[in-house]
Structures are given as C-alpha cells and as structure tokens.
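Q: Could you walk me through a part of this one? I'm new to it, so plain sentences would help.

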Amino acid sequence: MADKGIVYVDNNATTCVAKEVFEAMVPFLTNEYANPSSPHPFAAAPAEAIDSARASLAELLGANTDEIIFTSCGSESDNTAIRSALETQRGRRKVVTTAVEHAAVLSLCRVLEKHGVKVEYLPVDKYGRISLDQARRVIDDDTAIVSCMWANNEIGNIYPIHELAEIAHEHGALFHTDAVQAVGKVPIQLEGSNIDFLSLSGHKLHAPKGVGALYVRRFTPYATFLTGGHQERGRRAGTENVASIAGLGVAARLAKENMEKEQTYVKGLRDKLERGLLATCLDPMVNGDVEHRRPNTLSICFWDIEGESILLRMYEAAKICASSGSACTSGSLEPSHVLRAMGVDYRSLHGSIRFSFSRYNTEADVDVILQVLPGIVKELRALSPYGR
Ligand SMILES: Cc1ncc(COP(=O)(O)O)c(C=O)c1O
C-alpha cells in the first residue's frame, strides 16, 4: 500500500476499505437512500442489500442467515453477548474470561464487577497461552458465560475456543468468542459447532468502521441490548447502516474467496520481516505463541527502548505506521496488559512493536522496514539510560 507514501503495517488496528467494498456502498450513500423498513417499493433495494450482506456473512461463518445480527461495531457485539447471557440466566452471577481480552470485554467486566458480578480472568503463560485445566477449575454451575477471544489483537495468538466452549457447556454456561481478529482470517464453521455467540467487526476485514455483527446460535436465549424499533427481527433496534452493511457483505465475500491465498501471502511477508529483524536488531524478542498465531502478526520487543520512540522514528524515516504495545491512558503510557499478563520483563515491556499485514502490503513494505529499523534500534539503544 503506497497511498501518501505510507507504509501501513497496522492492520490489526484497522484496514483500508477495499475498492470493491467502497463501490458496493456508493448507491446507498447516494440514490438508494430509502429506509429499508419503509413500505414502498423504493425500500426494496436497501432491504435486498441487507439480505444479501447477511447471506454473504452467513456463508463466511458457516452459519444460518437468521443467526446474524448487524451491530455498530465489535465492541457492541461483545457487550450484547455478555450482557445478554447475564440477563437470560439470572440465577448465574459469574463471567469467566481471559486476562488478555480486548478492552471491549475487559472494561465491560470491570463495570459488571461493580454491579456484583463475579469475574474470573484466566491467566496466561509467558507465551500468552491459557490453560484448559485452569479453566476447568474456575468454570462452574454459577457461570453464566465464558468469553474468550478467537485471536489476540496484539500478539496474534489463536485460542482453543472449541475446547473452552465444551467446558462451559458441561456446566450449562453459554460460550462467546470475540472473533474480531479472526473472521475472514481463519476458517470458521459455526453450524454444528459449540459456539453460542461470536462477535465481528467490519473495519478489520476491509469494510468500513462503524459496522459489526453478532452471531447468535439458534435457540440460544437472547436479551436485546438496544431496544426501540423492530429492526433485526427485534433483536437490535436502530435504522440499519445500509451502506456499511452492504460493504461488509462484499468484504465477507472477498475474504471467503481469498482467505487461503491471502493468509499464505501475509505469512510470507511477516516471516520475512521477523527473520530480518532477528538477524539485524540486537537481540529482539518475539512475543506470543509462535506456532499458534495469526500469520499476519508480529509482536516484537526491543529491550531498553521506548516503543513510542521507535514508532516516531520509523514514521519520520519512512512513514511507517505500526503500533506499540502501549495504550495511552490519561496522558501516561501504560504498557500493554497482554504483555504484562505474560510476565514480559520490565526492560522489554516498553519496547514492544506490533506489525500487522494485510493483502495490500508488499515485499517493498518489508524491505523499507528492514532498511530503517535496525539503525533506529541501534541509535536508541545507545541513548538508553542503561548504557548498553
Ligand atoms: C479483539 C478485538 N475485539 C474487539 C475490538 C473492538 O472492535 P470495534 O473497534 O469494532 O468496536 C477490537 C478492535 O480493535 C479487537 O481487536
């Protein structure tokens, strides 16, 4: 991707809208502006666009169309699933999740704790892996829902969600997976699986921001989060974001058609970058479960250096857009909760960088990073207060 000369390797944060997606959206931002719920024939095109998008998404997920609810984002889907489980199973007051979830789940859990819900956060080992034995110890008959991400946004780890779902069901609990980083990237077959809820977000798979979906398995007890009109068969109120939903449908179709080829392609780019950095960058450390991670993601720590400084220098040198493992909380830089949960040592914790590729990256992007980053690391390391 060479727009504005930018080397964009931050695709786990968001992706560009695919040209085909954009083109599919245009009619619903221009001439076809009817409300899909209106009774006149002018509403037929938007209503059909929603049906068609639902069918494409169902196909990508191996699900039935009536199991897909369009939402505004991945965060809404996560909130809906977990709140729904607590609402429909009032006798159960416990949520089991992991220490490495996205804020969309973790922040909700903190709120729920304030309202008397008990939340168990499964710890991870130094590779970011959870233990199923530990899960067996904490999931019990008081558990309303177990929520575990399919793939981690920072380190790319893939989690054993089917095994966890089985444990949840042994205790009568529901199972939700935040698959925002997995949909369109890993094969998913929900029909016949033991997953009750699955969240996804359009902007991670080349659809626009502000559209998502929640899969709710047939016959799963469900409580509406957004109440109002009868959209989405009464399960999510609000006039549909027709253009974005149409775009998401096309993005889902493209993802399904190209998944295998695309994942092999991004793995080639990621592996080339990883090999190059390991060979030239003074002892970096690759984070995560390298055998079980998304093929597009490289999380890497450079000890004694601030990740933010690396990011700044990479942008100044070659307009490289990546991400650090830090999050800005009230003006101070907090190291990543994922790396902290993994017990990454203090000298590496602040120096983490995440590179994440998409189908639009090229070998030239990797070459640019390999040209500039080793020099930046050497320079910043020489300035480090540890004097190494
Ligand atoms: C794993 C995961 N869950 C949830 C979200 C939130 O999705 P959205 O931005 O659509 O609310 C993200 C986005 O970064 C994510 O990576």
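Q: Which residues of helix α6 are buried?
A: In this model, which is predicted, helix α6 covers residues 161-170, and its buried residues are Ile 161, Leu 164, Ala 165, Ile 167 and Ala 168. Seen down the axis of α6, those buried residues fall within an arc of 160°, so they line one face of the helix.

Q: And what covers the buried residues of α6?
A: The cover includes two strands, β4 (118-122) and β5 (143-147), together with helix α5 (132-138) and strand β6 (174-178).

Q: What follows α6?
A: Gly 172 follows the helix, and its phi is positive, near 75°.

Q: Switching to β5, how many of its residues are buried, and how does it run relative to β6?
A: Strand β5 is mostly covered, with 5 of its 5 residues buried. It is joined to β6 by 3 bridges, and the two strands run parallel; Ser 147, for instance, has His 176 in β6 as its bridge partner. The chain gets from β5 to β6 by way of α6, and this β-α-β crossover is right-handed.

Q: What about β3 and β5?
A: Those two strands also run parallel, joined by 3 bridges, and Val 95 stands opposite Ile 145 in β5.

Q: Lys 94 is in β3 too, so is that one buried or exposed?
A: Lys 94 counts as buried, because its relative accessibility is 6%, and the cut-off for buried is under 20%.

Q: What lies 2.7 Å from a polar atom of its side chain?
A: That is the backbone oxygen of Val 138. Leaving aside neighbours within four places in sequence, Lys 94 is in contact with several residues, among them Glu 120, Asp 140, Asp 142 and Ile 145.

How values were computed
Residues numbered from 1 in each chain as written. Predicted model: local features only at pLDDT ≥ 70, side-chain atom pairs only at ≥ 80, totals over all residues. Heavy atoms only, no water. Buried < 20%, exposed > 50% of the residue type's maximum accessible area, 1.4 Å probe, protein only. Polar contact = N/O pair within 3.5 Å; in protein donor to acceptor, adjacent residues only side chain to side chain. Contact = heavy atoms within 4.5 Å. Helix = DSSP H or I, 4+ residues; strand = E, 2+ residues; numbered from the N terminus. Arc of directions from axis to C-beta. Pairing = 2+ DSSP bridges. Right-handed = clockwise from strand over helix to strand, strands pointing away.
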